[in-house]
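Open the model in your viewer and keep the selection panel at hand. The tour below goes stop by stop.

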Amino acid sequence: MKNIIVQKYGGSSVADSEKLKKVAEKIAKRIKQQFKLVVVVSAMGKTTDNLIKLSKEISINPAPRELDMLLTTGEQVSASLLAIALNDIGVKCKSLNAFQAEILTTGDFNQARIKNLKVKKIKDLLKDDDAVIITGFQGITEEGEITTLGRGGSDTSAVALAAAMSAKCEIYSDVAGIFTTDPRIHPGAKKLKYITYDEMLEMSSLGAKVLHSRSVEIAKKFGITIYCGSTFSEEEGSYVMKKNIEQPVVSGLSVMDNQTQVTLSNLPLDYTLVHQIFEKVAKEGLNVDMISIISNGGLNISFTVIEDKKAHISKALSQILKGMKDLNINYNSGYSKISIVGIGMKSSSGVAAKYFKALAGIPVKLVTTSEIKISCLVEEKYKEKAVKALINTFEL
Amino acid sequence: MSIVVQKYGGSSVADADKIKSIAKKVYDVKKSGNDVVVVVSAMGKTTDSLIELAKSISSNPQKREMDMLLSTGERITMSLVCIALNELGIESISLTGSQAGIITNDRHNDARVIEVRPFRVLDELANDKVVVVGGFQGVSYKRDITTLGRGGSDTSAVALAAALNAERCEIYSDVDGVYSSDPSAISEALHLPELSYEIMQEMSEAGAKVLNAQAVQFAKEAKIAIYARKSSGGEKETIVRLMPAGLSKGVKAVVHENDLIRLIFTGSKNQKNIYEFLKLAEKAQYKIKELNYATSSKKEGLGKASIIISGKNILDSKAFEYELSNNVGDEVLIENGLGAVSLIGDGINSDNKIIIESLNLLVESKIEVLGISTTSFRITFLLLGNSVKDCTRVCHKKWIEDIS
């Protein structure tokens with residue numbers, strides 16, 4: 001069989017029939033270069049948001065299973081329309097939904113994880129056809145229930161398919177690659193030609209919305225190089241891969257807004273309590289970040305959560321800490337988390353020093369670091385100043 | 001516990017508020033101690049807008065892909081109905097045609113239900129859940145999604161009712177049952193409170209849009225009564241059920257149909273040409289309404305052949321003509337834009353009175369008849385499209401208004 005490429009097109013690339021026709025032409029061009037294509041599509045434009053809105057008109061808390069049943073129609077519409085557009089220009093292809101493509105997932109509705117891909121049907125179809133169009137973002141359980149992989153899950157569908165078929169993976173969107181920071185906010189942001197899996201993972205989980213972090217985890221596990229490019233321009237994009245050929249110290253900066261800092265002070269010096277707190281938080285499905293624990297006679301714990309989880313976390317904490325005297329719990333909202341990421345930090349010293357020098361004069365509330373990342377929490381009003389300083393210092 | 005199957009048409013689920021009020025109705029039926037299966041169509045004009053979207057991309061979209069596309073409409077409705085039911089505290093689950101076990105042949109856009117395997121539906125009913133099924137759709141043995149053609153949600157509902165051995169099947173739409181003619185065209189049309197399966201089936205085949213013909217066939221085989229009702233309430237309803245024959249003689253309804261295409265085979269090789277066309281029709285999935293073939297055993301070359309097909313499942317007429325001349329050659333005449341008016345009733349042809357007087361009436365009304373066909377329940381006149389309305393009106397007046 002000819003070489004297979006897995007391509008993924010995001011929602012803005014398939015937002016209307018004109019765009020679908022252009023995407024079809026792009027695919028046809030690739031097929032002329034003697035490739036067979038597996039194309040993963042997202043729902044058209046704002047479809048998913050509109051469906052969510054419609055469900056909220058009926059219930060503020062729709063059943064997760066039914067929400068998946070509802071949302072997965074979006075990709076089925078774009079997949080079939082793309083197949084129609086391709087056949088219209090002479091590209092033989094069929095669309096498959098997750099049930100037909102047998103994308104098996106766990107049964108966690110709204111955030112299922114891919115368990116297994118049986119690509120036999122796709123391979124069979126590609127014997128005769130030039131392309132197979134697959135609905136992204138969705139899967140099916142062993143019992144035949146329809147699931148979704150969470151927001152941005154089409155990336156994961158694409159990378160998982162590429163891994164299962166040992167194919168190249170190309171992800172197209174309205175952004176021409178991966179930038180040092182969000183180009184919509186900082187027009188001076190530079191495009192990265194290469195970025196490593198680990199850097200990308202840090203960036204994805206830090207609010208850079210280029211790739212779904214789960215997709216990068218899969219790419220890392222199976223060694224799949226992901227090409228991220230623009231759908232409608234020929235401009236060269238970025239490669240997410242194992243090694244960064246250029247080895248910059250700092251590759252990117254990302255910002256996450258709407259952070260709330262939770263500070264528990266005057267806790268008794270009892271580490272089982274720490275365990276209990278974080279166990280409870282995990283059980284409630286709350287993501288906490290930037291944890292810092294200081295003992296000075298007693299215990300002070302502080303961490304961050306997304307602002308709209310404040311009520312939830314406060315309820316969870318009061319359940320576990322009720323009746324504890326002298327305890328202080330403070331919630332401070334309106335913070336931004338700013339992070340710099342770079343695989344080169346591992347092997348170069350002085351990054352932290354440069355980092356704090358850049359931030360001199362800005363009150364930093366919390367700092368956390370990993371081998372390839374430094375993050376700080378600042379009040380939102382200092383965000384811009386901090387970002388500018390870091391961009392200048394690290395030439396991003 | 002008895003099982004009730006309810007089907008709600010597109011206008012009954014057109015927006016969030018309507019979906020909520022449907023949920024309320026289902027709630028009541030469930031609370032009065034029934035197991036309920038709800039079959040839904042796509043919301044309002046969803047199907048039409050999806051077709052439009054496809055046509056803005058290709059003038060001749062693949063039928064398989066169209067089914068993939070259109071079947072999303074019912075999925076949206078069914079999940080929203082479940083969300084509304086859950087909000088009312090009723091446990092429910094939505095199932096696609098495929099999950100509900102509706103197995104069809106692979107005739108895309110106009111598939112026939114060949115089997116219903118309702119295991120999942122029965123399991124969920126046993127869990128005390130209301131089961132909401134996407135109408136109009138099924139799955140072929142190839143695992144491809146199929147749709148059942150116009151009115152296909154009726155078929156889904158009745159086929160499920162039959163497979164579940166339901167007590168009854170209620171079909172809700174924006175009309176309160178079946179009339180002696182299309183009430184939007186003939187304001188004098190009479191409401192028909194009950195009808196036999198046979199008459200209803202003939203009416204549906206002849207173009208009545210209230211109930212789908214295959215749905216009636218399923219109901220007849222399983223002896224399940226169909227209740228056609230208005231979803232917004234009202235006193236009237238039509239019950240389609242087993243009725244003793246011969247109770248009501250005469251014309252019961254005057255039904256019309258538009259967008260018909262007649263092919264007249266003009267050459268000397270009609271037998272071969274008809275065969276070639278039928279092969280093409282099978283492949284391209286054209287719906288054949290009627291086939292006439294006659295040849296003389298006495299005189300060679302004396303004979304005629306014609307086929308009437310519905311123009312509704314021909315999306316691209318140019319491609320159709322091209323295919324036709326490729327397969328059959330030029331010994332065929334295409335007449336587009338025809339229509340038909342059918343008189344329907346028990347024993348309608350037991351004597352020749354109705355057909356003679358009708359023909360006379362049409363001559364007097366200067367309505368040209370292009371063809372006639374009869375069965376024991378039906379007399380059909382083939383007409384030019386623009387005389388369908390007049391013909392319906394004069395026939396309805398003579399055989400229904402003036403008699404009742």
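**Stop 1: the two domains of chain A**

Chain A of this predicted model splits into domain 1, residues 3–245, and domain 2, residues 253–394. Colour them separately. Taken over C-alpha atoms, the centres of domain 1 and domain 2 of chain A are 32 Å apart.

Now select the contact between them. Domain 1 of chain A puts in 12 residues, and domain 2 of chain A puts in 11 residues. Which helix gives the most to the domain 1 side of chain A? Select residues 197–205 of chain A: this is helix α8, and it gives 4 residues. Colour that side of domain 1 by class. You should find 3 nonpolar, 6 polar and 3 charged residues on the side that touches domain 2 of chain A.

**Stop 2: the six-stranded sheet of chain A**

Stay in chain A and show the strands. Six of them, in the order β16-β17-β15-β18-β20-β19, form an open sheet with antiparallel pairing. Start at the edges. Select 289–296 for β16 of chain A and 364–370 for β19 of chain A; each of these edge strands pairs on one side only. Then look at the twist: on average, neighbouring strands of this sheet are turned by 25° against each other, direction ignored.

Move inward. Select β18 (residues 328–341) and β20 (residues 373–379) of chain A. These two strands run antiparallel and are joined by 7 bridges. One pair to label is V341(A) and K373(A): the latter is the bridge partner of V341(A) in β20(A).

What packs on the sheet? Select residues 310–320 of chain A. This is helix α11, which touches β15 (252–267), β17 (298–306) and β18 of chain A. Compare directions here: that of α11 makes about 125° with that of β18(A).

**Stop 3: chain B as a whole**

Hide chain A for a moment. Chain B has 11 helices and 20 strands. Its radius of gyration is 22 Å, close to the 22 Å that the globule rule gives for 404 residues, so chain B is as compact as a globular protein of that length. Turn the C-alpha trace of chain B along its principal axes: it spans about 75 × 50 × 35 Å.

Colour by burial next. Of the 404 residues in chain B, 51% count as buried. Contacts in chain B reach along the sequence as well. Of those between residues at least 6 apart in sequence, 74% join residues at least 24 apart.

**Stop 4: the two domains of chain B**

Select 3–174 of chain B for domain 1 and 254–401 of chain B for domain 2. The centres of these two domains of chain B, taken over C-alpha atoms, are separated by 33 Å. Pick out the contact: 7 residues of domain 1 of chain B meet 6 residues of domain 2 of chain B. How does the domain 1 side of chain B divide by class? There are no nonpolar residues on the side that touches domain 2 of chain B, but 4 polar and 3 charged.

**Stop 5: where chain B meets chain A**

Bring chain A back. Here 27 residues of chain B are in contact with 27 residues of chain A. On the chain B side, select α1 (16–31), α2 (46–55) and α3 (63–87); these are the elements that give two or more residues. Finish on α3(B), which gives the most to this side, with 14 residues. By class, the side of chain B that touches chain A has 13 nonpolar, 8 polar and 6 charged residues.

Methods: Residues numbered from 1 in each chain as written. Chains lettered and ligands numbered in written order. Predicted model: local features only at pLDDT ≥ 70, side-chain atom pairs only at ≥ 80, totals over all residues. Domains from an automatic or database assignment. Contact = placed C-beta atoms within 7 Å. Nonpolar A, V, L, I, M, F, W, Y, C, P; charged D, E, K, R; others polar. Rg over C-alpha atoms; globule rule 2.2 N^0.38 Å. Buried ≥ 20, exposed ≤ 12 C-beta atoms within 10 Å, placed from the backbone. Pairing = 2+ DSSP bridges. Axes fitted to C-alpha atoms, helices over the stretch in contact; angles between N-to-C directions.
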